[in-house]
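Reader: I would like to learn how the packing of two helices is read from a model. Could you take me through one case step by step?

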2 protein chains.
Amino acid sequence: MNKNRFDNKLSHPGLAFQPLYKQVEEHVTQLIVEQRWKPGEMLPNEFQLASELNVSQGTVRKALNSLTAAKILNRKQGIGTFVSEHTGHHSLYRFFPLIADGKTPELPKAELLSVETHVATKQVAEALELAPKAKVIVLTRRRILNDEFCIAETIFLPHKYFAILEKQPEIPHTLYHFYQTQFNLTVRDTRDSIKAVLATKQDAEMLGINEGEPLLEVTRVTHSLDNKAIEFRLSRCRSDKYHYLVELG
Amino acid sequence: MNKNRFDNKLSHPGLAFQPLYKQVEEHVTQLIVEQRWKPGEMLPNEFQLASELNVSQGTVRKALNSLTAAKILNRKQGIGTFVSEHTGHHSLYRFFPLIADGKTPELPKAELLSVETHVATKQVAEALELAPKAKVIVLTRRRILNDEFCIAETIFLPHKYFAILEKQPEIPHTLYHFYQTQFNLTVRDTRDSIKAVLATKQDAEMLGINEGEPLLEVTRVTHSLDNKAIEFRLSRCRSDKYHYLVELG
């Protein structure tokens, strides 16, 4: 085992006094962030990891259990442990909670309306932990379920992480997979704040509804595996035929 | 080990072909449901459980990990594994997602307005998996955050599980803890469907706002540990100064 790895981790003040398995968990996460193990790749077995990291197999198992619970890794029974990829249907749905009433979850299509570079407003800079007036790439899209516009969304991405996005010939519908494969930014978690609002004239035009109809406004901040704020997203969602589903427990 | 326990579990068609740890998980859950282990009680250690259930310690650990992840059990480092109680601040907040803007989560107070017994409507009977026209106990409450009414809620409980509630002299604010301690019904999960609606005249009177203001309508179905639908709840929430928070990941 290369001792420097852990020495290096331990010198980080935020990581002091963590239980051993937590340190192993952070270390494995770091290896994924550094793409030593890529999305979809199989990890060495517990025995090999324990021996390489000079900890017990129980500690490795505890760390891998925790990363599996966080969906950063996934286990295939009798095969091994893999780095999660944001391609599987499960992980695509996981972060998309708007569902047509009485239907099963379905992934919406996206119509990309514009890609522009702007100076971040105060709200966006704060949410993305950027310096005031930092540059952001702004995508506007409409999402489509059942051949109907259901969401008008504005997505703000830090220019410092996504500079090359401006030059991409094509931007796919499944952005989180795109961030993972093209930018090595894997979504770890999202935080949605939901409010009820009245449709503005612009919402009404975007969604083909009447001004003043009630909409769900979902404000999302997304963090990557290495804890960067990578996306701020403002979604204005119809809920006359759709609902935002939350399962707790 | 009393072999009948597992034989009994295995004779249940829904449990056939489950991995061993899943069977142990179901079995431990059943023991909690039957109050063999009560909320707050410490479980025997892994070694004792493995020996009593005649499975390996690894299998017991896997089952307990899964129940801990589901928050049915909780671990206290160096002490042991306990049956979760719905008293801790964490578990009380866990199912209450409305937060005042810019504030930290706080548990709202409740003003109980009425307790009545009714015949279930079709929607309520379906949500609670009851026979048509089954009896339900209906509570209406207003929730209070920062000395202000923020939610008007109507709660429907199956009469068959909650009959004695009509005779309770006092109904506390923290219902889930009350269900657990008085009715032996532990909340396992909730499923919220969220829509944006316009305040009706009644909402306006209940919440001290204007008719036509946008509100979040949260429709919740709650299941117990033994998978009974125990509560249907309709909440009309202000979101002018509050937001519904969802953290995914």
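Reader: Which residues in α2(A) meet which residues in α4(A)?

Author: This is a predicted model, and the contact can be listed from both sides. From α2(A) come A:Leu20, A:Tyr21, A:Val24, A:Glu25, A:Val28 and A:Thr29, and they meet A:Thr59, A:Lys62, A:Ala63, A:Ser66 and A:Leu67 in α4(A). Sorted by class, the residues of this contact are six nonpolar, three polar and two charged.

Reader: How should the geometry of such a pair be described?

Author: Two packed helices are described by the angle between their axes together with the distance between those axes. In chain A, the axes of helix α2 (residues 20–33) and helix α4 (residues 57–69) come within 8 Å and cross at roughly 60 degrees. Angles from 65 to 115 degrees would count as roughly perpendicular, and those under 35 as roughly parallel; α2(A) and α4(A) are therefore oblique to each other.

Reader: What is the handedness of the crossing where α2(A) passes α4(A)?

Author: The crossing in which α2(A) passes α4(A) is right-handed.

Reader: At what angle do helix α2 and α4(B) pack in chain B, and how far apart are their axes?

Author: Helix α2 (residues 20–33) of chain B packs against α4(B) at an angle of about 60 degrees, and the axes lie 8 Å apart. That angle makes α2(B) oblique to α4(B), and the crossing of α2(B) and α4(B) is right-handed. On the α2(B) side, B:Leu20, B:Tyr21, B:Val24, B:Glu25, B:Val28 and B:Thr29 meet residues of α4(B) that include B:Thr59 and B:Lys62. The residues of this contact divide into six nonpolar, three polar and two charged.

Reader: Taking one residue from that contact, is B:Thr59 buried or exposed?

Author: A residue counts as buried when its relative accessible area is under 20%. B:Thr59, placed in helix α4 (residues 57–69) of chain B, has a relative accessible area of 14% and is therefore buried. Leaving aside residues up to four places away in sequence, B:Thr59 touches B:Leu20, B:Tyr21 and B:Val24.

Reader: How many helices and strands are there in chain A, and what percentage of the residues in chain A is buried?

Author: Chain A has nine helices and 10 strands, and buried residues make up 49% of its 249 residues. Among the contacts in chain A with a separation of 6 or more, 57% are between residues 24 or more positions apart. The accessible surface of chain A comes to about 12,300 Å², with 52% of that area belonging to carbon and sulfur atoms.

Key:
Residues are numbered from 1 along each chain as its sequence is written. Chains are lettered from A and ligands numbered from 1 in the order in which they are written. This is a predicted model: local features need pLDDT of at least 70, side-chain atom pairs count only at pLDDT 80 or more; totals for chains, interfaces and linings use all residues. Side-chain values use heavy atoms; hydrogens and water are left out. Axes are lines fitted to C-alpha atoms, for helices over the stretch in contact, and angles run from 0 to 180 degrees between N-to-C directions. Helices (H or I, at least four residues) and strands (E, at least two) are DSSP runs, numbered from the N terminus. Angles under 35 degrees count as roughly parallel, over 145 as roughly antiparallel, 65 to 115 as roughly perpendicular and the rest as oblique. A crossing is left-handed if the near helix is turned anticlockwise from the far one by less than a right angle, and right-handed if clockwise. Contact means heavy atoms within 4.5 Å. Ala, Val, Leu, Ile, Met, Phe, Trp, Tyr, Cys and Pro count as nonpolar, Asp, Glu, Lys and Arg as charged, and the others, Gly among them, as polar. Buried means under 20% relative accessible area, exposed over 50%, partly exposed in between (1.4 Å probe, protein chains only). Accessible areas come from the Shrake-Rupley method with a 1.4 Å probe; for residues, only the protein chains shown count as cover.
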